[in-house]
Amino acid sequence: MAKEKYKKALLELLRREGNDVCADCDAPDPDWASHTLGVFICLNCSGIHRNIPHVSKVKSVRLDEWDNVQVELMASSGNSMSKAKYESKIPPFYYKPTFSDCLLLREQWIRAKYERKEFIYIEKQEPYSAGYREGFLWKRGRDNGQFLSRKFVLSEREGALKYYNKNDAKEPKAIMKIEHLNATFQPAKIGNPHGLQITYLKDNSTRNIFVYHEDGKEMVDWFNAIRAARFHYLQVAFPGASDLDLVPKLSRNYLKEGYMEKTGPKQTEGFKKRWFTMDDRRLMYFKDPLDAFARGEVFIGSKENSYKVLEGLPPSIQGNHWQHGITIVTPDRKFLFACETESDQLEWIAAFQKVISRPMLPQEYAVEAHFKHKP
């Protein structure tokens with residue numbers, strides 16, 4: 001009887017506001033809990049909690065046996081109270097992952113909250129909030145694909161992230177302005193669970209670099225240090241903007257990536273398979289997903305400016321091996337693509353529609369004008 005009583009009490013607690021989503025990643029309907037921290041969590045986050053047994057002990061709400069002390073702790077705590085304690089001093093720029101983010105981000109977020117208590121003690125945030133960071137990262141070579149150790153320096157005062165090819169080098173190999181910097185975790189593409197893709201503009205074209213560090217905390221600290229630098233740059237650039245306006249601009253995940261076939265401007269050449277990345281309004285294509293530079297970039301404007309996406313290809317077109325076509329209409333020309341599967345085609349069309357249905361911002365007109373002058 002007692003077991004049933006405890007089970008019923010836990011299921012009632014799950015219905016409380018705040019307990020209906022995972023305390024760590026906002027996944028709906030959590031059915032696990034940490035009975036030492038007093039939080040309800042999802043199955044995936046429970047696996048991470050298991051790796052910090054000195055801090056968190058987990059049980060299944062439905063499958064495990066509970067005792068009175070554990071149930072009372074859950075009742076006196078809960079997700080909202082836990083967040084008030086463990087997330088009380090999160091810097092606005094710090095990336096709070098959700099269930100759709102990679103394992104590294106979710107793991108380091110949970111460790112930062114409960115194990116290191118970074119959002120209770122502000123001094124523990126120094127590695128990513130000091131405005132300066134230097135260290136060594138493994139960087140993929142542009143030409144040979146080998147990862148080599150390189151020194152990186154991020155300086156808010158200089159407004160740049162730099163890296164050096166040799167430890168004693170006086171001049172950096174590259175200077176990446178914080179203004180144009182983006183960072184996004186890409187473990188599958190890079191082939192490393194800690195893999196980070198950093199992009200910046202070089203002569204108005206996108207340049208990719210791929211890095212990782214063996215230590216997951218180091219890598220996430222670099223990511224948040226880049227977000228902090230971007231946040232402070234944007235605060236100066238847009239003095240009237242609120243944190244709520246600026247935070248979405250700190251780093252971007254790509255709307256969509258994957259292989260499609262494309263043909264050239266004359267539309268008579270054969271279709272070639274290319275890796276495509278949709279980064280906001282820039283559609284870039286690469287011969288290989290890990291290329292440093294795109295083979296080409298297409299600007300995707302808004303429907304008010306005569307951009308549209310159509311399912312299928314014009315009837316006269318030949319040479320595509322893949323059957324699921326997409327036509328992008330721009331004011332200057334049509335771009336023709338073919339997808340391997342119908343689900344790919346529908347996902348790409350949805351990504352294009354999302355961008356085309358959004359009105360263009362004043363600064364995007366300047367970007368569009370530059371694209372028109374590209375060879």
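Q: How do α2 and α5 lie to each other?

A: In this predicted model, α2 and α5 are oblique to each other. The general idea is to take the angle between the helix axes and place it in a class; angles of 65 to 115 degrees count as roughly perpendicular, those under 35 as roughly parallel, those over 145 as roughly antiparallel, and the rest as oblique. Here the axes of α2 (residues 43–50) and α5 (residues 103–115) cross at roughly 55 degrees and come within 10 Å, so the pair falls in the oblique class. The crossing of α2 past α5 is right-handed.

Q: Which residues make the contact of α2 with α5?

A: A helix contact is read as two lists, one for each helix. From α2 come N44, C45, I48 and H49, and from α5 come L103, R106, E107, I110 and Y114. By class, five of these residues are nonpolar, two are polar and two are charged.

Q: At what angle do the axes of α5 and α8 cross?

A: Roughly 95 degrees, with the axes coming within 10 Å. That value lies in the range of 65 to 115 degrees, so α5 is roughly perpendicular to α8. On the α5 side the contact uses L104, L105 and Q108, which meet G216, K217, M219, V220 and F223 of α8. Five of the contact residues are nonpolar, two are polar and one is charged.

Q: How many residues line the largest pocket, and which lie nearest its centre?

A: A pocket is read by its volume, then by its lining. The largest pocket holds about 1400 Å³ of space. Its lining has 34 residues, with R230, K249, R252, D280 and E364 nearest the centre. By class, 15 lining residues are nonpolar, seven are polar and twelve are charged.

Q: Which element gives the largest share of that lining?

A: Helix α8, with five residues. The elements that each supply at least two residues are β9 (196–202), α8 (216–237) and α11 (362–372).

Q: How many cavities of 30 Å³ or more does the structure hold?

A: A cavity differs from a pocket in that the probe fits but cannot get out. There are two cavities of 30 Å³ or more. The largest has about 50 Å³ of space, and its lining includes K139, R140, R142, R207 and D291. Strand β10 gives the most to this lining, four residues. The classes are four nonpolar, two polar and five charged.

Q: What lines the second largest cavity?

A: Among the lining residues are P127, Y128, S129, L154, E156 and A225. This cavity has about 40 Å³ of space. Helix α6 (126–129) and β4 each supply at least two lining residues, and α6 gives the most, with three. Six lining residues are nonpolar, two are polar and two are charged.

Key:
Residues are numbered from 1 along each chain as its sequence is written. This is a predicted model: local features need pLDDT of at least 70, side-chain atom pairs count only at pLDDT 80 or more; totals for chains, interfaces and linings use all residues. Side-chain values use heavy atoms; hydrogens and water are left out. On a 1 Å grid over the protein atoms alone, a cavity is a set of points where a 1.4 Å probe fits but cannot get out, and a pocket is an open set with protein on both sides within 12 Å along at least five of seven lines; lining residues have an atom within 4 Å of a point. Grid points are joined across faces, edges and corners, and a volume is the space filled by probe spheres set on the points. Ala, Val, Leu, Ile, Met, Phe, Trp, Tyr, Cys and Pro count as nonpolar, Asp, Glu, Lys and Arg as charged, and the others, Gly among them, as polar. Axes are lines fitted to C-alpha atoms, for helices over the stretch in contact, and angles run from 0 to 180 degrees between N-to-C directions. A crossing is left-handed if the near helix is turned anticlockwise from the far one by less than a right angle, and right-handed if clockwise. Contact means heavy atoms within 4.5 Å.
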